[in-house]
Amino acid sequence: MKYYKTLSLGCKVNTYEIQAIKELLNEKGYIESHDDKCDVFIINTCAVTQVGEQKSRQMIRKSISKYPNAITIVMGCYSQLHPEIVESIEGVDIVLGTSNRSKIVEFLEDFIKNNSQIVCVNKENRNEEYECLKITSYSENTRAFIKIQDGCNNFCSYCIIPYTRGNFRSRPKEEIFSEIKNLCDRGFLEIVLTGIDSAGYGKEFKEEKYRFNDLLKEIIQREPRLKRIRISSMEESELDDEFIEILKNNPVVAPHLHIPLQSGSEGVLKRMRRKYNKEQFLSTINKIKEAVPNIALACDVIVGFPGETEEEFVECMDFIKECGFHYLHVFPYSIRPGTPASKMENQIDPKIKNERVHRLISFGENLKEEYENKFIGKELNVIVETYNPKEKMYHGYSDNYIDVKIRSEENILGKYIKVKYEK
């Protein structure tokens, strides 16, 4: 018997992919280890920031140190970007990038047979086809991530992902429908549609004009057992009037959107090569809030982009307030070698960057509290996900992503219920 362990770093796309890898191994008789048994260790790495790269290196070395006799497989964005660094780490046996993961069992068995390091990283990845990976379950039995797309064609000036993930490509829709059906058969109540640029789904389809809105409508029509469809992230340019109508008229689509802003300064947005200006962005946000007044809006913000002045930072905070965002995901700008921003002048001092990050996080916590306080005394729809025996409390998230703890004498685990929200 061969026992394996996995570790996924970074985004939810990586989470999906590592689950698919587990299922490929399970099909071939490998067993996931829940103790110290480990014959194979697989790490799905991240390279979106310097911190992501550093953590990837640390976890590779830590796993080799802890399981020196295990076959170590490293895949993902960091190994795609720096395969020569990964293959030079003593103890790394198989190096894959962001493709060829579906062949992982073949590579593993080849290594077992020949005991020779394998490196399979396609550096010319701007012409990839969608790689078929699939899942049938997750460890939690309420929410499942569905990968519908990979790659990115946007090339924002700060971002390394188009270089690591390759060209934009959509997953065949029938694979998506089949996966959702199988998950619903197993009792899943919520799916999260995810990808690198997920709401751009279908943009490369030439013969068939089938886009993200069509996919979303067909999922709703085909699978009435779903209680909730959540969308991991949507660019402003993809939030068109048709999508807003779907959101307004279909309660199964969660009233919770994650819309990357990155900056609320007009000058910084131009240097970032984003596809919108502040006026366009605010107009879209106002349309959404008019259609769904109590919607929860989250955004990503990069702080300390090259040349960002104090005035531009304050402009960003003011714009976030004007948009009415409720949840902020704040990131200090991270130099990504090879991107246009890495060559820009006026890189921001790390101390200034850190101070602005903390100011914006504090600002975001206040926005979150203000939003959630509006629902005190009101009913929320919650999918109950876990139970804490020490607290004797159940836990779940509302449709609009409020974190809720629930007292109940009966077993409500896995149920979709209404609760009255208290402070």
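How many bridges join strand E7 to strand E10, and do they run parallel or antiparallel? Keep that in mind while I set the scene. This is a predicted model.

Here is the answer. E7 and E10 are joined by five bridges, and the two strands run parallel. E7 covers residues 143-147, and E10 covers residues 190-194. At the start of E7, look for Arg 143: its opposite residue in E10 is Glu 190.

Now the surroundings of E7. Five of its five residues are buried, so the rest of the structure largely encloses this strand. Which way do they point? Arg 143, Phe 145 and Lys 147 go to one side, while Ala 144 and Ile 146 go to the other. Both sets are buried, Arg 143 and Lys 147 included.

On to the helices. First pair: H7, residues 173-185, and H8, residues 212-222. They pack at about 35°, with axes 11 Å apart. The crossing is right-handed. From H7, the contact uses Lys 173, Glu 174, Ile 176, Phe 177 and Ile 180. From H8, it uses Leu 215, Glu 218, Ile 219 and Arg 222. By class, that is five nonpolar residues, four charged and no polar.

Second pair: H12, residues 310-323, and H13, residues 350-373. Their axes are 11 Å apart, and the angle is about 10°. That angle is under 35 degrees, so H12 is roughly parallel to H13. H12 brings Glu 310, Phe 313, Val 314, Met 317, Ile 320 and Lys 321. H13 answers with Arg 356, Arg 359, Leu 360, Phe 363, Leu 367 and Glu 370. The class count here is seven nonpolar, five charged and no polar.

Note on methods. Residues numbered from 1 in each chain as written. Predicted model: local features only at pLDDT ≥ 70, side-chain atom pairs only at ≥ 80, totals over all residues. Heavy atoms only, no water. Axes fitted to C-alpha atoms, helices over the stretch in contact; angles between N-to-C directions. Helix = DSSP H or I, 4+ residues; strand = E, 2+ residues; numbered from the N terminus. Left-handed = near helix turned anticlockwise from the far one by under 90°. Contact = heavy atoms within 4.5 Å. Nonpolar A, V, L, I, M, F, W, Y, C, P; charged D, E, K, R; others polar. Parallel < 35°, antiparallel > 145°, perpendicular 65-115°, else oblique. Buried < 20%, exposed > 50% of the residue type's maximum accessible area, 1.4 Å probe, protein only. Pairing = 2+ DSSP bridges.
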